[in-house]
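Take a first look at the structure below. Then follow the text through it, one region at a time.

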Amino acid sequence: MTSYTVLSLVFILISAIVAKLYLKLITGWCPSQQCMVGKTAIITGANTGIGFQTALDFAKRGARVILACRNYKKAEAARRDIIKMTDNPNVFVKIVDMSSFESVRAFAQEINKTEERLDVLVNNAAAAFLYDEKTKDGLLLGMQVNYFSLFLLTNLLLDLLKKSQPSRIVNTSSLLAEYGTAFSVDKLHKYNGNFDLYTHSKLAIILFTKELAKRLEGSGVTVYSVHPGAVKTDIFRDAEGWAGSFMTALFKRWMNFFFKTSEEGAQTTIYCAVEKNIEKFSGHHFVDCRRVNDYKRATVPGLGEQLWRESEEVVNLTN
Ligand SMILES: NC(=O)c1ccc[n+]([C@@H]2O[C@H](COP(=O)([O-])OP(=O)(O)OC[C@H]3O[C@@H](n4cnc5c(N)ncnc54)[C@H](OP(=O)(O)O)[C@@H]3O)[C@@H](O)[C@H]2O)c1
């Protein structure tokens, strides 16, 4: 090995350590010690990753926590872990499959029938790399799981949230909402690659959050969208072929060192659910426990309203 190679390796190593330290320093931590005894929270996709850490945090704060998951075995294992780690026995599993409107409606119906209150709804469940697969409702799987079911579920639980006010909704989006080719409402049903599908579903969440905040003004229910950061989770588990190998390697090996842990990734969601005095920022987007400026694509006038009308029709909201 030449001295030039050794110097280059030392330079890369030091740069990586400096970058990691910088990323650690800018990672937002929720400072709130807010107790949640007497509060009920639902977290979708709570059996793993960011959703699991969010549920764990709420359980530590004493909340009644409902893990809204599609797989009973995984959810039950998560429930047991959370109870063991927190000594809070009020952690429950309810099944919801976000790829089916029937399942979302059945879940919401049960919650509305059995729960006296709902203080926090965290719409966290999502999937990436679902290709052009369609659901039995006839929609692109990625769009239904990530966005349309979130729209339906939130609307079906709104009365309970209003009854329990002050209450909050936290919608997990992504920085990637800013990218992909130009978003338009009619593109929600066209497959133009996994990247567009994911970024469009995440932009739809931000537009929905802003529109919902307007519609909820004065109701005591506030709503926020968040980007959790780049977090080492299993989000790309459905990726196949070269894309699958690339994303798995990126998240699990090459970039692993730089990415957040799930606990770090959950902080902004937790912040938006419990931090005091952020109600005036309803509709806003948060990153690293800080309010950030809107992504450019989320500011197109009238787009949120147009998306709302389309979503209402797609999910058949009035029935
Ligand atoms: N990781 C990142 O770098 C990153 C960056 C930006 C945004 N996000 C967002 O953060 C959120 C959490 O993701 P994560 O990284 O924690 O990923 P994750 O570990 O893969 O968790 C995703 C959760 O969603 C659930 N889910 C997937 N499809 C579902 C369906 N049809 N019905 C019900 N639940 C379903 C999964 O359940 P199963 O375990 O049964 O599959 C899992 O519990 C997502 O909204 C994601 O888009 C993540």
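The paragraphs below go from the surface to the interior and end in the loops.

This is a predicted model. Begin with helix H1, which spans residues 3–26. Phe11 is found in this helix. Is Phe11 buried or exposed? Phe11 counts as exposed, because its relative accessibility is 59%, and the cut-off for exposed is over 50%. Phe11 also helps to make a nonpolar surface patch. The patch covers about 840 Å². Its other members are Met1, Val6, Leu9, Val10, Ile12, Ile14 and Val18.

Now turn to the interior. The largest nonpolar core holds 55 residues. Which of them touch the most other members? They are Ile42, Tyr147, Leu157 and Ile169. Several helices and strands each supply at least two residues of this core. The helices are H4 (101–114), H5 (141–163), H6 (194–215) and H10 (303–315). The strands are E2 (64–69) and E6 (221–227). H5 gives the largest share, with 13 residues.

Look at Leu157 in more detail. Leaving aside residues up to four places away in sequence, Leu157 touches Ile42, Ala108, Ile111, Asn112, Leu118 and Leu121. Ile42 appears here again, as one of the residues that touch the most other core members. There is also a second core, separate from the one just described. This second core has 35 residues, including Met36, Leu56, Ala59 and Cys272.

The loops come next. Start with the one between H5 and strand E5 (167–172), where Pro166 lies. The peptide bond that leads from Gln165 to Pro166 is cis. Its omega is near 5°.

Go on to the loop between helix H9 (267–274) and strand E7 (285–287), which contains Asn277. Asn277 is not a glycine, yet its phi is positive, at about 60°. Why does Asn277 count as exposed? The reason is its relative accessibility of 58%, given that exposed means over 50%.

The last stop is the loop between E7 and strand E8 (290–292), the place of Asp288. Asp288 has a positive phi too, of about 50°, although it is not a glycine. Is Asp288 buried or exposed? Asp288 counts as buried, because its relative accessibility is 12%, and buried means under 20%. So Asn277 and Asp288 both have a positive phi, but Asn277 counts as exposed, whereas Asp288 counts as buried.

Note on methods. Residues numbered from 1 in each chain as written. Predicted model: local features only at pLDDT ≥ 70, side-chain atom pairs only at ≥ 80, totals over all residues. Heavy atoms only, no water. Patch = residues over 30% accessible without salt bridge, like charges linked within 9 Å, V, L, I, M, F, W, Y side chains within 5 Å. Areas by Shrake-Rupley, 256 points an atom, 1.4 Å probe, with all protein chains shown as cover. Salt bridge = Lys/Arg side-chain N within 4 Å of Asp/Glu carboxyl O. Helix = DSSP H or I, 4+ residues; strand = E, 2+ residues; numbered from the N terminus. Buried < 20%, exposed > 50% of the residue type's maximum accessible area, 1.4 Å probe, protein only. Core = buried A, V, L, I, M, F, W, Y, C linked by side-chain atoms within 4.5 Å. Contact = heavy atoms within 4.5 Å.
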